[in-house]
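Here are my notes on this one, as promised. Have the model open while you go through them.

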Amino acid sequence: MNFHFLPLVLLLMNPIPIFDFQPSADLRKWTVVNDGVMGGRSQSTLRLDQEGNGVFSGTVSLENNGGFASIRLDCGHLSVTNSQSLILKVRGDGKRYQFRIRARKNEYYSYIHYFETSGDWEEISLPLSEFYPTFRGRKLDLPNFSGNALEEIGILIGNKRQEDFRLLIDFVGVRKE
């Protein structure tokens, strides 16, 4: 009896991919958005390394009221019903990053969750219920994320200091309950 139950449990524990970086991954689905949209001078890129990992890297500049670099992925309409967490497999540079989600692309605000990197490869779990709404760096007086779908995900660095950064990304997914 437990023989049939065990594979289902293992399946539910494994994350479901949103984007799996690999040598053949199409990065044209991602958009780089830096503070240049507001006159800033930060620069960043997203590329694949030889192993097929995404490399989000660049320089955050505070010049001209700048201070952030980001990447975004249009998910279409991605169901997260019964999902517990977003899962990232990353190797950072010891810096703090922000994971951003939008239930609808036309919403003026995003839901965010910060994550720290250690310099080693790690799997980071970000509970969806802990994502809170912000607009231009200010927390909004709205409930935390409780939606059933995502239309956009992203990663942002903006630690209020000028700095170089480099984040390797292997995988972004969701883990069901």
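**Notes on the sheet, the core and the spaces**

1. Let's start with the sheet: seven strands make an open sheet in the order 2-5-12-7-8-10-11, and the pairing is antiparallel. The edges belong to strand 2 (30-34) and strand 11 (138-139); each has a single partner strand, so one side of each has no neighbour in the sheet. Bear in mind throughout that this is a predicted model.

2. One pairing to look at is strand 8 (residues 110-116) with strand 10 (residues 132-135), which run antiparallel and share three bridges. If you want a spot to centre the view on, Tyr 111 sits opposite Pro 133 in strand 10.

3. Next, the core. The largest nonpolar core counts 39 residues, and Phe 99, Ile 101, Phe 115 and Ile 153 have the most contacts inside it. Which strand gives the most to this core? That is strand 13 (residues 163-176), with five residues.

4. Ile 153 deserves a closer look. Setting aside neighbours within four places in sequence, its contacts include the core residues Phe 99 and Ile 101. Ile 18, Trp 30, Ile 71, Leu 73, Cys 75 and Val 172 are also among its contacts, and so are two arginines, Arg 72 and Arg 100.

5. Now the open space. The largest pocket holds about 870 Å³. Its lining runs to 33 residues, with Phe 68, Arg 100, Arg 136, Gly 137 and Leu 156 the closest to the centre. Two or more lining residues come from each of strand 5 (69-79), strand 7 (96-102), strand 8, strand 10, strand 11 and strand 12 (149-157). Strand 7 has the largest share, five residues.

6. What is the make-up of that pocket lining by class? There are 14 nonpolar, 10 polar and nine charged residues.

7. There is also enclosed space: one cavity of 30 Å³ or more turns up, and the largest cavity has a volume of about 40 Å³. Its lining is made of Arg 72, Arg 100, Ile 101, Arg 102, Ser 110, Glu 152, Ile 153 and Gly 154. Strand 7 and strand 12 are the elements that give two or more residues here. By class, the cavity lining splits into four charged, two polar and two nonpolar residues.

8. A last thing to check on screen is how these parts share residues. Arg 100 lines the largest cavity and is also one of the residues closest to the centre of the largest pocket. Ile 101 and Ile 153 line the cavity too, and both are among the residues with the most contacts inside the largest nonpolar core.

Terms used
Residues are numbered from 1 along each chain as its sequence is written. This is a predicted model: local features need pLDDT of at least 70, side-chain atom pairs count only at pLDDT 80 or more; totals for chains, interfaces and linings use all residues. Side-chain values use heavy atoms; hydrogens and water are left out. A nonpolar core is a set of buried Ala, Val, Leu, Ile, Met, Phe, Trp, Tyr and Cys residues joined through side-chain atoms within 4.5 Å. Buried means under 20% relative accessible area, exposed over 50%, partly exposed in between (1.4 Å probe, protein chains only). Helices (H or I, at least four residues) and strands (E, at least two) are DSSP runs, numbered from the N terminus. Contact means heavy atoms within 4.5 Å. Two strands pair if DSSP finds at least two bridges between them. On a 1 Å grid over the protein atoms alone, a cavity is a set of points where a 1.4 Å probe fits but cannot get out, and a pocket is an open set with protein on both sides within 12 Å along at least five of seven lines; lining residues have an atom within 4 Å of a point. Grid points are joined across faces, edges and corners, and a volume is the space filled by probe spheres set on the points. Ala, Val, Leu, Ile, Met, Phe, Trp, Tyr, Cys and Pro count as nonpolar, Asp, Glu, Lys and Arg as charged, and the others, Gly among them, as polar.
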